[in-house]
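Thank you all for coming; I would like to take you through one structure this morning, moving from single residues out to the domains. Please have the sequence and the model open while I talk.

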Amino acid sequence: MAEEYGTTSCTENTAGETAGIIYRETDVIPDRIHFIDNRVKDASSILILGHVRPDGDAVGSTLGLYNYLKDNYPDKKLTICLGNYSADFKMLSCEDQVLHELPKNASFDMAIACDTSSRDRLGDFADAYFQAPRRICVDHHVTNPGYAQESVVEAEASSASEVLYTLLDPERISLRTAECLYLGIVHDTGVFKHSTTHKSTMEIAGILLEKGVSSSQIIDGTFYHKTYNQNQILGQALINATLELDGKVIVSLLSREEMDRYHATSVDLDGIIDQLRVTEGCEIAVLINESMYGDCKVSMRSSSTANVSAVASQFGGGGHVKAAGCTVHGKAEEVKKKLLPVIATAL
Ligand code: AMP
Ligand code: MN
Ligand code: MN
């Protein structure tokens with residue numbers, strides 16, 4: 001049953017649970033730049049989380065929030081937990097504070113999730129999140145059902161890092177917070193080139209630069225930087241790629257054996273899908289890589305109006321109209337066979 005909370009709605013999500021308050025693009029958030037300050041006021045212990053297999057935006061937004069709270073509320077007990085991510089992100093301030101497991105018997109007054117579209121995407125940290133009496137989410141995924149008590153979900157925004165910036169007091173954003181947010185924006189926009197890069201994105205990036213962020217250090221050091229093995233597996237993925245559906249779709253498969261040959265984990269595959277996406281004539285690019293658990297991680301990108309989020313949703317995943325993913329059981333070839341007919345309907 002839909003219930004109105006001011007300008008925002010409280011709806012029922014697909015799991016049948018009542019969703020919390022969701023502020024979307026069209027909603028006015030009162031005292032927006034103090035959104036986070038007003039929420040954390042009464043919390044003494046705060047858990048900060050991002051999504052599984054954290055990308056630049058997940059790491060940038062969560063560490064950006066961590067640094068903002070640490071700078072402005074030194075007495076609060078902050079805990080940040082994330083899965084494994086690229087070693088390139090070690091340049092960010094307080095990266096050494098990130099835990100990969102929850103501390104034993106920990107409990108929190110408040111939990112804040114960034115860049116995380118669903119409960120599932122919190123992975124092993126989901127229970128700790130839902131045990132916190134106050135739960136907030138800062139996100140930009142169109143598929144976010146509003147699993148938190150209060151969510152800001154702006155699907156047009158470039159990144160969760162951009163959404164988070166607008167919820168913070170700009171005067172109290174330090175250089176180290178600025179670096180995290182800038183990194184998140186750079187990664188989710190593919191260095192300011194995806195269609196989600198708006199005037200506001202560039203304006204915010206400009207303000208962050210004014211705080212002293214070194215754009216070349218972040219862009220070259222974390223986005224374009226590749227290890228030898230990462231370049232090798234990129235080459236393998238490009239060789240494996242085939243054109244499907246009259247050349248409108250490019251699909252590359254990476255087998256478990258190939259992943260092992262290059263000592264690659266999913267973190268090492270960042271950027272491959274972007275290279276596939278720019279293939280002439282292709283509207284959708286797909287990368288399917290076999291995990292260690294008998295399933296495949298699927299990444300999809302659209303360079304037309306095709307909605308890959310709708311395709312991913314049919315396989316239990318989600319994301320954005322032009323960038324989405326899902327995990328599908330089976331070997332890569334089988335997964336490709338399951339996906340292609342659904343992709344065909346999206347063209
Ligand atoms: P990726 O291809 O992993 O870079 O993901 C592209 C976008 O889809 C990101 O915004 C992810 O958060 C989202 N995404 C990827 N995998 C999933 C999944 N299994 N469930 C929901 N969203 C996903
Ligand atoms: Mn992300
Ligand atoms: Mn994101």
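Ala323 is found in strand S14, and I should say at once that everything I describe here comes from a predicted model. Ala323 counts as buried, because it has 21 C-beta neighbours inside 10 Å. If we leave out residues up to four places away in sequence, Ala323 touches Arg301 and Val308. Asp120, by contrast, is separated from Ala323 by 203 residues in sequence, and the two C-alpha atoms are 18 Å apart in space.

Staying with strand S14, which runs over residues 323-329, let me turn to the ligand. Which residues come nearest to ligand 1? Of the 15 residues around it, they are Ser299, Gly317, Gly318, Gly319 and Gly325. The elements that give two or more residues to this shell are strand S13, residues 318-319, and strand S14, and it is S14 that gives the most, with five residues. In character, the shell around ligand 1 divides into 10 polar residues, three nonpolar and two charged. As for where they come from, at least three residues of the shell are drawn from each of domain 1 and domain 2.

That brings me to the domains themselves. The domain assignment gives domain 1 as residues 3-224 and domain 2 as residues 228-346, and the C-alpha centres of the two lie 26 Å apart. How many residues of domain 1 are in contact with domain 2? There are 11 in domain 1, and they meet 11 residues of domain 2. On the side of domain 1 that touches domain 2, eight residues are polar, two are nonpolar and one is charged.

Next, the interior. The largest nonpolar core has 63 residues, and those with the most contacts inside it are Ile112, Val138, Leu164 and Tyr182. A second, separate core of 36 residues includes Ile233, Leu253, Ala312 and Ala332. To take one residue of the larger set, Val138, and again leaving aside neighbours within four places in sequence, we find Val138 in contact with Ser61, Ile112, Cys114, Val152, Ala160, Val163, Leu164 and Leu167.

Helix H2 covers residues 56-72, 17 residues in all, and reaches 24 Å from its first C-alpha to its last, close to the 24 Å expected at 1.5 Å a residue. Is this helix enclosed or open to the outside? It is largely enclosed by the rest of the structure, because 14 of the 17 residues of H2 are buried.

Leu168 lies in the loop between helix H4, residues 160-166, and helix H5. Although it sits in a loop, Leu168 is buried, with 22 other C-beta atoms within 10 Å, where 20 or more are needed to count as such. Leu168 touches Ile33, Ile36, Tyr68 and Ile173, not counting residues up to four places away in sequence. For the pair Leu168 and Ile33, 135 residues apart in sequence, the C-alpha to C-alpha distance is 4.8 Å.

Glu150 is found in strand S8, residues 150-153, and is partly exposed, with 19 other C-beta atoms within 10 Å. Apart from neighbours within four places in sequence, Glu150 is in contact with Gly20, Ile21 and Ile136. Between Glu150 and Arg134, which are 16 residues apart in sequence, the C-alpha to C-alpha distance is 8.7 Å.

Finally, two backbone details that I would ask you to look at on the model. Phe192 has a positive phi of about 60° although it is not a glycine, and its place is in the loop between helix H5, residues 175-188, and helix H6, residues 199-210. Phe192 is partly exposed, with 15 other C-beta atoms within 10 Å. His263, likewise not a glycine, has a positive phi of about 50°, and its place is in the loop between helix H9, residues 256-261, and helix H10, residues 272-277. Is His263 buried or exposed? With 11 C-beta neighbours inside 10 Å, His263 counts as exposed.

Notes. Residues are numbered from 1 along each chain as its sequence is written. Chains are lettered from A and ligands numbered from 1 in the order in which they are written. This is a predicted model: local features need pLDDT of at least 70, side-chain atom pairs count only at pLDDT 80 or more; totals for chains, interfaces and linings use all residues. Helices (H or I, at least four residues) and strands (E, at least two) are DSSP runs, numbered from the N terminus. The expected span of a helix is 1.5 Å times one less than its number of residues. A residue is buried if 20 or more other C-beta atoms lie within 10 Å of its own, exposed if 12 or fewer, and partly exposed in between; C-beta atoms are placed from the backbone. A nonpolar core is a set of buried Ala, Val, Leu, Ile, Met, Phe, Trp, Tyr and Cys residues joined through C-beta atoms within 7 Å. Two residues are in contact if their C-beta atoms, placed from the backbone, lie within 7 Å. A residue is near a molecule or strand if its C-beta atom, placed from the backbone, lies within 6 Å of it. Ala, Val, Leu, Ile, Met, Phe, Trp, Tyr, Cys and Pro count as nonpolar, Asp, Glu, Lys and Arg as charged, and the others, Gly among them, as polar. Domain bounds come from an automatic or database domain assignment.
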